[in-house]
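Visitor: I should like to go through this structure question by question, with the reasoning given at each step. Please show the sequence and the coordinates before we begin.

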Amino acid sequence: MKQYTNTIHIIFTVVGWGLLCISLLCFLFTWNSLPQKIGVHFDEKGNFDVISDKENVFHAFYPYIISLITLVFCEVFAFLSKRVKTGLKINETGERKLRWVSMIFSDIIKVDVTIFFSGNWGYSLIRQQPLNIGITFCVFHVLLVSLLFMVVSIIFISVKYKTGRKLGEEVL
């Protein structure tokens, strides 16, 4: 199980960081060809609602900064989830499974946020086109489903691997 968990984590990490780097490089290569005033933010329909001068670098690099912060946060969380005990009254098997669930959830967040900001938002900035709302809804739904999966998994693991029971004793 540990080997699969680490492999999945490495794949998600490479995808997240790779998407950020590729999108940022594409943005930097197209920087000089962008107009002096660029659209940098979108309304609920995907159209630009904030136009900024190229000199205001923060606005232009906002999606990449958000992606970077999310990637770093999720990497630190994954590092800590391997080393810090949860404090729940569960056995070692439950601890391992809970760590696996939290790390995979962190990885899903990492890739999901990077797809939205560096991928979808970054592509729209590079092309100066409206934001793809379909991708936005998909990203939101993946986050909700993964959050639901994590909550259900934590409850299930906490009940199934609770310590203080006799072996084979069922929990109602």
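Visitor: Which residues in H3 meet Ile 135, Thr 136, Val 139 and the other contacting residues in H4?

Guide: The model discussed here is predicted. On the H4 side, the contacting residues are Ile 135, Thr 136, Val 139, Val 142, Leu 143, Ser 146, Leu 147, Met 150, Ser 153, Ile 154 and Ile 157. By class, the contact of H3 with H4 has 15 nonpolar, five polar and two charged residues. The residues on the H3 side are Gly 94, Lys 97, Leu 98, Val 101, Phe 105, Ile 108, Ile 109, Asp 112, Ile 115, Phe 116 and Asn 120.

Visitor: Are H3 and H4 roughly parallel or roughly antiparallel to each other?

Guide: Two packed helices are described by the angle between their axes and the distance between the axes. For helix H3 (residues 92-127) and helix H4 (residues 133-160), the axes are 10 Å apart and the angle is about 170°. Angles over 145 degrees count as roughly antiparallel. H3 and H4 are therefore roughly antiparallel.

Visitor: Is Ser 102 buried or exposed?

Guide: Ser 102 is found in helix H3. Not counting residues up to four places away in sequence, Ser 102 touches Phe 77 and Ser 81. Because its relative accessible area is 12%, and buried means under 20%, Ser 102 is buried.

Visitor: Which residue offers the backbone oxygen that the side chain of Ser 102 reaches?

Guide: The side chain in question belongs to a residue of helix H3. Its reach to the backbone oxygen is 2.9 Å, and the residue carrying that oxygen is Arg 99.

Visitor: How many residues apart in sequence are the parts that Asp 53 and Lys 37 tie together?

Guide: Asp 53 forms a salt bridge with Lys 37, with the closest N and O atoms 2.9 Å apart. Asp 53 lies in strand S2 (residues 48-53) and Lys 37 in strand S1 (residues 37-42), so the parts that the pair ties together are apart in sequence by 16 residues.

Visitor: Of Asp 53 and Lys 37, which counts as exposed?

Guide: Asp 53 has a relative accessible area of 32% and is therefore partly exposed. The cut-off for exposed is over 50%. At 52% relative accessibility, the residue that counts as exposed is Lys 37.

Visitor: Which residues are joined into one network by salt bridges that share partners?

Guide: Lys 110 forms a salt bridge with Glu 75, the closest N and O atoms being 2.5 Å apart. Lys 110 lies in helix H3 and Glu 75 in helix H2 (residues 57-83), so this pair ties together parts that are 35 residues apart in sequence. The side chains of Lys 110 and Asp 107 also meet in a salt bridge, at 3.0 Å from N to O. The network formed through shared partners thus joins Glu 75, Asp 107 and Lys 110.

Visitor: What is the relative accessibility of Lys 110?

Guide: Lys 110 and Asp 107 both lie in helix H3, three residues apart, about one turn of the helix. Both residues, Lys 110 and Asp 107, are buried. Glu 75, by its relative accessible area of 22%, is partly exposed. Lys 110 counts as buried because its relative accessibility is 0%.

Visitor: With which side chain does the side chain of Asn 56 make a polar contact?

Guide: Asn 56 is placed in the loop between S2 and H2. Asn 56 is partly exposed, with a relative accessible area of 33%. The polar contact of its side chain, at 2.8 Å, is with the side chain of His 59.

Terms used:
Residues numbered from 1 in each chain as written. Predicted model: local features only at pLDDT ≥ 70, side-chain atom pairs only at ≥ 80, totals over all residues. Heavy atoms only, no water. Axes fitted to C-alpha atoms, helices over the stretch in contact; angles between N-to-C directions. Helix = DSSP H or I, 4+ residues; strand = E, 2+ residues; numbered from the N terminus. Parallel < 35°, antiparallel > 145°, perpendicular 65-115°, else oblique. Contact = heavy atoms within 4.5 Å. Nonpolar A, V, L, I, M, F, W, Y, C, P; charged D, E, K, R; others polar. Buried < 20%, exposed > 50% of the residue type's maximum accessible area, 1.4 Å probe, protein only. Polar contact = N/O pair within 3.5 Å; in protein donor to acceptor, adjacent residues only side chain to side chain. Salt bridge = Lys/Arg side-chain N within 4 Å of Asp/Glu carboxyl O.
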